[in-house]
Amino acid sequence: MLCYPDRRSALRAGAAAAAGVLTAACGTDARTPPGPPAEAASAKPAPVRAAAAPRRFPGQPVEIAHGPRDRPRVALTFHGNGDPSIARAVLAEAERAGARVTVLAIGSWLDAHPDMARRILDGGHELGNHTQRHLAINDMPEAEAYAEITGCAQRLKRLTGSIGTWFRPSQTQYATPLVKELARRAGYPHVLSYDVDSLDFTSPGAAAVIRTVTGTIHGGSVVSLHFGYADTVDAMPPLLEELARRKLRAVTTTELLTS
Ligand SMILES: [Zn+2]
């Protein structure tokens, strides 16, 4: 499943990119209504937490789509873009349930909302690179694709001291061999794919998001979700409840792959 909802949106994204406009999200849907008010993370003093550097996981393929199947853990991974109040609401729901997530941030989003990098790390979550502009990276010439990876990496480094723990290619579930090589060159031994696509970016309603995820998730799964969509916020509490009922712990991707 590609990282955009349909051909129409993909074309819209392409047109926006061609016009030099930053696209909104995987779904490139600018109609997302404002989310609930940001949760009060501001009241607590900000602990200094350094982002982890990427590392190699021996025994894992270059492109990781899931973790060990024999352990009751899953990783919820988010495309980091869109209205920061929605992002904060998703993070707050995760934290309320004791879940840790992985956020793959778009560089242009970090430019617009640099405080989100700290917010994500302070919640105990992982932060990674989802390219600078979220274009169709598999189709780009080498130099441009590399610049998309390093552009976001530089921003993460400046904001957090690390290029981010993970790299996920934009507008695709799987990277081409070239993109994998460029990611390696930029400092990421692995690229992070997923095996469960929530399709939340199509705004199908929270119930559908929950159904899609709970219908396919199992131990070791890496789930693709998105900031920027109200359905995702609404889906989080019941989804996390259902995971708890199945005794599946939502952990960071590093935890998923670490015994
Ligand atoms: Zn994306």
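**Exercise 1. Against which elements do the buried residues of helix 2 pack?**

Start with the wider setting: this is a predicted model, and its secondary structure comes to 9 helices and 8 strands. Of the 259 residues in the protein, 51% are buried.

Step 1. List the buried residues of helix 2: Ile86, Ala87, Arg88, Ala89, Val90, Leu91, Glu93 and Ala94.

Step 2. Look for their partners. These buried residues pack against strand 2 (73-80), helix 4 (115-122) and helix 8 (230-245).

Step 3. Take one residue as a check. Ala89 is found in helix 2 and is buried, because 22 other C-beta atoms lie within 10 Å and the cut-off is 20 or more. Its C-alpha atom is separated by 9.4 Å from that of Phe227, 138 residues apart along the chain.

**Exercise 2. Check the span of helix 2 against its number of residues.**

Step 1. Helix 2 covers residues 84-96, which is 13 residues.

Step 2. At 1.5 Å a residue, a span of 18 Å is expected. The count to multiply is one less than the number of residues.

Step 3. The end C-alpha atoms of helix 2 are 18 Å apart, so the two values agree.

Step 4. Now look just past the helix: Gly98 follows, with a positive phi near 75 degrees.

**Exercise 3. Describe how helix 8 packs with helix 2 and with helix 7.**

Step 1. Two packed helices are described by the angle between their axes and the distance between the axes.

Step 2. For helix 2 and helix 8, the axes come within 9 Å and cross at roughly 10 degrees. The two are therefore roughly parallel to each other, as angles under 35 degrees count that way. Helix 2 brings Ile86, Ala89, Val90, Glu93 and Ala94 to the contact, while helix 8 brings Ala230, Thr232, Val233, Met236 and Pro237. By class, these residues divide into 8 nonpolar, 1 polar and 1 charged.

Step 3. Helix 7 (residues 206-216) packs with helix 8 at an angle of about 45 degrees, and their axes are 8 Å apart. That makes helix 7 oblique to helix 8. Their crossing is right-handed. On the helix 7 side are Ala206, Val209, Ile210, Val213 and Thr214, which meet Asp231, Thr232, Asp234, Ala235, Pro238, Leu239 and Glu242 of helix 8. This contact has 7 nonpolar, 2 polar and 3 charged residues.

**Exercise 4. Place Leu104 in its surroundings.**

Step 1. Leu104 lies in strand 3 (residues 102-105). With 29 other C-beta atoms within 10 Å, Leu104 is buried.

Step 2. Setting aside neighbours within four places in sequence, the contacts of Leu104 are Thr77, Phe78, His79, Gly80, Gly128, Asn129, His130, Trp166 and Arg168.

Step 3. Pick out Gly80: Leu104 and Gly80 are 24 residues apart in sequence, yet 5.3 Å apart in space, C-alpha to C-alpha. For the protein, 80% of contacts between residues at least 6 apart in sequence join residues at least 24 apart.

**Exercise 5. Is Thr131 buried or exposed, and what is its phi?**

Step 1. Most residues other than glycine have a negative phi. Thr131 is not a glycine, but its phi is positive, about 75 degrees.

Step 2. Thr131 is found in the loop between strand 4 (126-129) and helix 5 (142-160). It counts as buried, with 28 C-beta neighbours inside 10 Å.

Step 3. Try Leu199 too, in the loop between strand 6 (196-197) and helix 7. Its phi is positive, near 60 degrees. Leu199 is partly exposed, with 19 other C-beta atoms within 10 Å.

How values were computed:
Residues are numbered from 1 along each chain as its sequence is written. This is a predicted model: local features need pLDDT of at least 70, side-chain atom pairs count only at pLDDT 80 or more; totals for chains, interfaces and linings use all residues. Helices (H or I, at least four residues) and strands (E, at least two) are DSSP runs, numbered from the N terminus. A residue is buried if 20 or more other C-beta atoms lie within 10 Å of its own, exposed if 12 or fewer, and partly exposed in between; C-beta atoms are placed from the backbone. Two residues are in contact if their C-beta atoms, placed from the backbone, lie within 7 Å. Axes are lines fitted to C-alpha atoms, for helices over the stretch in contact, and angles run from 0 to 180 degrees between N-to-C directions. Angles under 35 degrees count as roughly parallel, over 145 as roughly antiparallel, 65 to 115 as roughly perpendicular and the rest as oblique. A crossing is left-handed if the near helix is turned anticlockwise from the far one by less than a right angle, and right-handed if clockwise. Ala, Val, Leu, Ile, Met, Phe, Trp, Tyr, Cys and Pro count as nonpolar, Asp, Glu, Lys and Arg as charged, and the others, Gly among them, as polar.
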